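Reader: Please take a close look at the side-chain contacts here, charged pairs before anything else, and then move on to rings and helix packing. I would like the cut-offs stated along the way.

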Amino acid sequence: MDINNLIAELISYGMDKKLICPDDKVYSTNKILEFFKVNDYTEPDKAVLDNFKNAPRSLSLILDDLIKYANENGLLESDTITYKDLFDTAIMGLITPPPSVVRPIFKSLYEKSPKEATDFYYSFSKATNYIRTDRIAKDEKWITSTEFGDLDITINLSKPEKDPRDIAAAGKAKKSGYPSCLLCLENEGYAGHFSHPARQNHRVIPITLDKEQYYLQYSPYVYYNEHCIIFNEKHTPMKINKSTMKKLLSFVELFPHYTAGSNADLPIVGGSILSHDHFQGGGYEFPMVRAPYEKEFTVNGYEDIHSGIIKWPMSTIRLQGKSIDRIVELADYILTSWRSYTDKKAYILSETNNTPHNTITPIARSRKISEDETLFEIDLVLRNNITTDEHPLGLYHPHANYHHIKKENIGLIEVMGLAVLPARLKKEMAALEKAIISKENLYNQKDIISHIDWAMKFLPKYGYKVQYVENNVAKVTSIPENFSQEGLHKIIQNEIGFVFAGVLEDAGVYKRNKDGKEAFLRFINSL
């Protein structure tokens with residue numbers, strides 16, 4: 001393993017991706033030599049350099065070899081995932097241009113086209129390995145057709161499992177309060193440490209929303225195309241209010257090819273980081289955007305706003321109009337009304353013991369209706385985080401019968417129709433398929449015991465005969481004549497998609513039955 005070749009190959013990659021300009025080639029080479037403690041360097045001959053240009057390897061392979069070299073030469077503290085990530089991010093930080101270079105390029109391109117600017121920035125974020133494309137490629141993805149249209153399902157395999165050595169070390173690691181969280185501006189260029197990811201290759205773009213300073217970045221583990229995060233310059237708690245609506249609609253006015261939404265601002269129905277005000281968006285058409293109006297209505301004084309309930313598993317009001325300010329006014333009125341709304345018959349309680357329960361998940365987008373006209377749109381998803389003895393994790397949260405597939409909070413991304421399911425499912429579904437094909441008793445496999453009742457219910461629909469004695473026997477006794485392993489895999493994927501649709505219905509405050517629809521209209525009429 002020739003370190004000269006590896007360094008030259010990385011430099012060649014950096015120049016090809018325009019991370020290193022020709023004037024900085026020698027400078028960048030020397031910074032990498034310093035990092036690897038190499039005092040003597042001979043650039044490879046022309047044939048080798050030409051090969052780097054004409055038949056380039058993927059960045060992940062180059063970094064893997066550099067890490068192997070570091071490990072073999074005592075430069076890597078440990079060969080766990082955490083230490084490797086800290087190390088290869090530090091390498092990439094050496095060839096990532098500073099914010100003072102990146103931001104003017106974005107600004108210049110934005111003046112031509114917002115999409116050109118974000119195309120550059122997204123490509124840049126992948127080129128610097130801030131977005132680890134090799135890991136994202138491992139995610140399993142499919143589409144399930146439901147009564148609400150096609151839902152997008154993903155099993156998230158991007159985030160590597162923690163090495164037991166990392167888990168043990170994390171318990172001993174000294175805690176740091178800088179940066180305050182993973183979203184803070186101070187992450188830009190931060191070296192990181194054992195309990196905080198390295199960010200030397202991280203660059204953010206300043207934007208102004210409703211007269212406040214925000215920054216645009218991409219998620220390092222993108223769940224969908226151009227998955228971006230828009231975060232407040234200040235480490236301030238999330239809050240859904242009138243200004244939130246204005247900021248979301250202002251963002252899609254600045255970037256009309258993107259959508260933008262916010263997690264709710266209460267536990268259970270909110271996102272994972274409620275301590276730092278932020279939104280999420282991206283260049284992706286979520287299933288929700290295709291949901292049609294199911295019941296249209298007009299709010300007095302807002303006749304210019306097209307309002308209605310959409311056909312979606314979660315209780316959602318959609319507002320459309322040409323004026324952002326007018327949409328914001330109506331959205332704020334609906335939010336304020338919902339915050340204090342109680343309907344005991346429908347078990348909607350605005351608060352208990354002075355603890356508020358009602359909030360919304362707002363999602364904004366724009367639609368170009370002609371060369372000169374744009375229609376702005378915001379979906380207001382009604383949320384309530386009350387818990388009960390029967391549902392201690394939340395009444396409007398995935399119920400226990402679905403926890404074998406999805407137990408986590410239903411946040412913004414799931415609300416819009418994209419399931420982000422835990423990595424454990426890949427292994428568990430493979431074990432389930434194997435047990436079905438071999439006609440083995442499913443109770444013999446501890447990894448799939450939680451899936452038994454579900455599997456025994458759906459398999460007969462597809463011609464599988466089963467023997468099911470709860471807590472004792474659960475197995476397939478006969479397989480259909482047209483069986484194929486690929487077909488079984490697709491069946492299981494579809495059934496997971498149907499579970500996700502059920503999870504979204506659980507999270508809906510108004511159920512999609514006669515009583516639920518009548519209760520929803522009681523709130524609409526109260527407006």
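Author: What follows treats salt bridges, then aromatic pairs, then the packing of two helices.

The model is predicted, so local features need pLDDT of at least 70 and side-chain atom pairs count only at pLDDT 80 or more, while totals for chains, interfaces and linings use all residues. Residues are numbered from 1 along each chain as its sequence is written, and side-chain values use heavy atoms, with hydrogens and water left out.

Side chains of opposite charge can pair when their charged atoms come close. A salt bridge here is a side-chain nitrogen of Lys or Arg within 4 Å of a carboxyl oxygen of Asp or Glu. The structure holds 33 of these salt bridges. One of them joins the side chains of Lys426 and Glu140, at 2.9 Å from N to O. Lys426 belongs to helix α13 (residues 424-438) and Glu140 to strand β1 (residues 140-146), so this pair ties together parts 286 residues apart in sequence. Helices (H or I, at least four residues) and strands (E, at least two) are DSSP runs, numbered from the N terminus.

For accessibility, buried means under 20% relative accessible area, exposed over 50%, and partly exposed in between (1.4 Å probe, protein chains only). On that scale Lys426 is partly exposed at 43%, whereas Glu140 is buried at 17%.

Arg290 pairs with Glu285, with 2.9 Å between the closest N and O atoms; Arg290 is partly exposed at 42%. In another salt bridge, the closest N and O atoms of Asp453 and Lys457 are 3.1 Å apart. Both residues sit in helix α14 (residues 452-458), four residues apart, which separates them by about one helical turn. Asp453 is partly exposed at 34%, and Lys457 is exposed at 60%. Salt bridges also link Arg318, Arg365, Arg367, Glu377 and Asp379 in a network.

A pair of aromatic rings is described by the distance of the centres and the angle of the planes. Rings of Phe, Tyr and Trp (its six-membered ring) pair if their centres lie within 6.5 Å; planes under 30 degrees apart count as stacked, over 60 as edge-to-face and the rest as tilted. There are 27 aromatic pairs in the structure. Phe35 and Phe36 have ring centres 5.4 Å apart and planes at 80°, so they pair edge-to-face. Of these two, Phe35 is partly exposed at 25% and Phe36 is buried at 2%. Phe458 and Tyr462 are also edge-to-face, because their planes lie at 80°, with centres 6.5 Å apart. Phe458 is buried at 2%, while Tyr462 is partly exposed at 29%. One aromatic cluster is formed by Phe106, Tyr110, Tyr121, Tyr122, Tyr218, Phe251, Phe255 and Tyr258.

Two packed helices are described by the angle between their axes and the distance between the axes. Helix α4 (residues 59-72) contains Leu61, which is partly exposed at 41%. α4 packs against helix α5 (residues 81-93) at an angle of about 115°, the axes being 10 Å apart. Axes are lines fitted to C-alpha atoms, for helices over the stretch in contact, and angles run from 0 to 180 degrees between N-to-C directions. α4 and α5 are therefore roughly perpendicular; angles under 35 degrees count as roughly parallel, over 145 as roughly antiparallel, 65 to 115 as roughly perpendicular and the rest as oblique. Contact means heavy atoms within 4.5 Å. Leu59, Leu63, Leu66, Ile67 and Ala70 of α4 meet Lys84, Phe87, Asp88, Ile91 and Met92 of α5.
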